[in-house]
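Student: I have just opened this entry and would like a friendly tour. Could we go through it together?

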Amino acid sequence: MRAGLIYNPLGGQFRKRDPDIRRVLAEMTGITQIEAKDLSEFDQAVSQLLAEDIEWLIIIGGDGTLQGVINCLFAQRSVEKWPLLTIVPGGTTNMIALDLGMHGKPEQVLTQVKQSLHQSSQPTLVSRPVLRIEQAGVKNVYGMLFGLGLIARGVRFSQSQVKQLGMTGNIFTIIIVLRSVIGTFLGRPQAEWAPVQISRANGKGTMQVETYTFALVSALERLLLGIRPYWGRESAPLHTTFVRQNSKNFWTRIWLLIVGRGHGLKKADGYESYNTHSLEIWLDDEYIVDGELFHASSQQGPLRISADGPLLFRVL
């Protein structure tokens, strides 16, 4: 299988384990390896590897690196013509890699990849949908997790302060979760931890404006720390959860979300979760896709989130 590799040396785990990762890379002869650190370099790397007609694309980095590479792939080729993808967890949180079952230190996973390059056995594939986020006048964004409210505030906080400490993995995640919870308790009326106002069409076709502590749309089965904060039963690829501001008994029920036991929560109490193929929302606020911050303006119409793909990942 013709393979190519893109690696981001700025990823949290890559920086911590740079010598070990580069040692394994040096042993992977006969495969094109490209260093890329931002969207422009991701685009150039993807163009080069697609021109080489690779069948397997190995990506060493975190959620943001994978999100950048996926967006470049969508810009250059229809999804059915993509190579198989493998993500080696070289970032700070590596939520997507963990959801796919790619556990272990990056050099260990990369060693497994190196061994697989010379094996002819049938690969193990995992399929995941991907979010397509569209708004008029804005380039489409693709990713695996869309978040609003405290989710986006937590990401902004992590990028501005915690990331500078060099923390990665579960410790990093726990700090962000705790700061988000503290922000909920102490943050109002602090603007940096404010809830998000969202307009949605209700069942009668009229617009309804609500204020939410947080909201998310996910193509993944599990998020950070293995939590599954959605409980919809509809047969559809995207998981959505909305938690309204001042929802009933938030401080006791938020733990049900964290441990994946939200099935008893009620929409009337401010907790809503369902599966869908697409949804439209209106907002004037920041949002995140796989840890990357974006901004939506209602003046450009609704933000539409739809299922695309699916993407095929080769897992080891």
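Student: What percentage of the contacts in the protein with a separation of 6 or more comes from residues 24 or more positions apart?

Tutor: Welcome! Keep in mind that this is a predicted model. Its secondary structure comes to nine helices and 15 strands. Among contacts with a separation of 6 or more, the share from residues 24 or more positions apart is 72%.

Student: How is helix α3 oriented to helix α4: parallel, perpendicular or oblique?

Tutor: Two packed helices are described by the angle and the distance between their axes. The axes of α3 (residues 39-51) and α4 (residues 63-76) come within 9 Å and cross at roughly 55°. An angle of 65 to 115 degrees would count as roughly perpendicular and one under 35 as roughly parallel. The crossing fits neither range, so α3 is, relative to α4, oblique.

Student: Which class has seven residues in the contact of α3 with α4?

Tutor: From α3 come L39, F42, D43, V46, S47 and L50, while α4 brings T65, G68, V69, C72, L73 and Q76. Four of the residues in this contact are polar and one is charged. The class with seven residues is nonpolar.

Student: Are the residues of strand β11 buried or exposed?

Tutor: Look at the two sides of β11 (residues 271-276). Y271, S273 and N275 point one way, and E272, Y274 and T276 point the other way. Residues on both sides have under 20% relative accessible area, so six of the six are buried.

Student: Which residue stands opposite Y271 of β11?

Tutor: Strand β10 (residues 238-244) runs antiparallel to β11, and six bridges join them. Opposite Y271 stands V243.

Conventions:
Residues are numbered from 1 along each chain as its sequence is written. This is a predicted model: local features need pLDDT of at least 70, side-chain atom pairs count only at pLDDT 80 or more; totals for chains, interfaces and linings use all residues. Side-chain values use heavy atoms; hydrogens and water are left out. Axes are lines fitted to C-alpha atoms, for helices over the stretch in contact, and angles run from 0 to 180 degrees between N-to-C directions. Helices (H or I, at least four residues) and strands (E, at least two) are DSSP runs, numbered from the N terminus. Angles under 35 degrees count as roughly parallel, over 145 as roughly antiparallel, 65 to 115 as roughly perpendicular and the rest as oblique. Contact means heavy atoms within 4.5 Å. Ala, Val, Leu, Ile, Met, Phe, Trp, Tyr, Cys and Pro count as nonpolar, Asp, Glu, Lys and Arg as charged, and the others, Gly among them, as polar. Buried means under 20% relative accessible area, exposed over 50%, partly exposed in between (1.4 Å probe, protein chains only). Two strands pair if DSSP finds at least two bridges between them.
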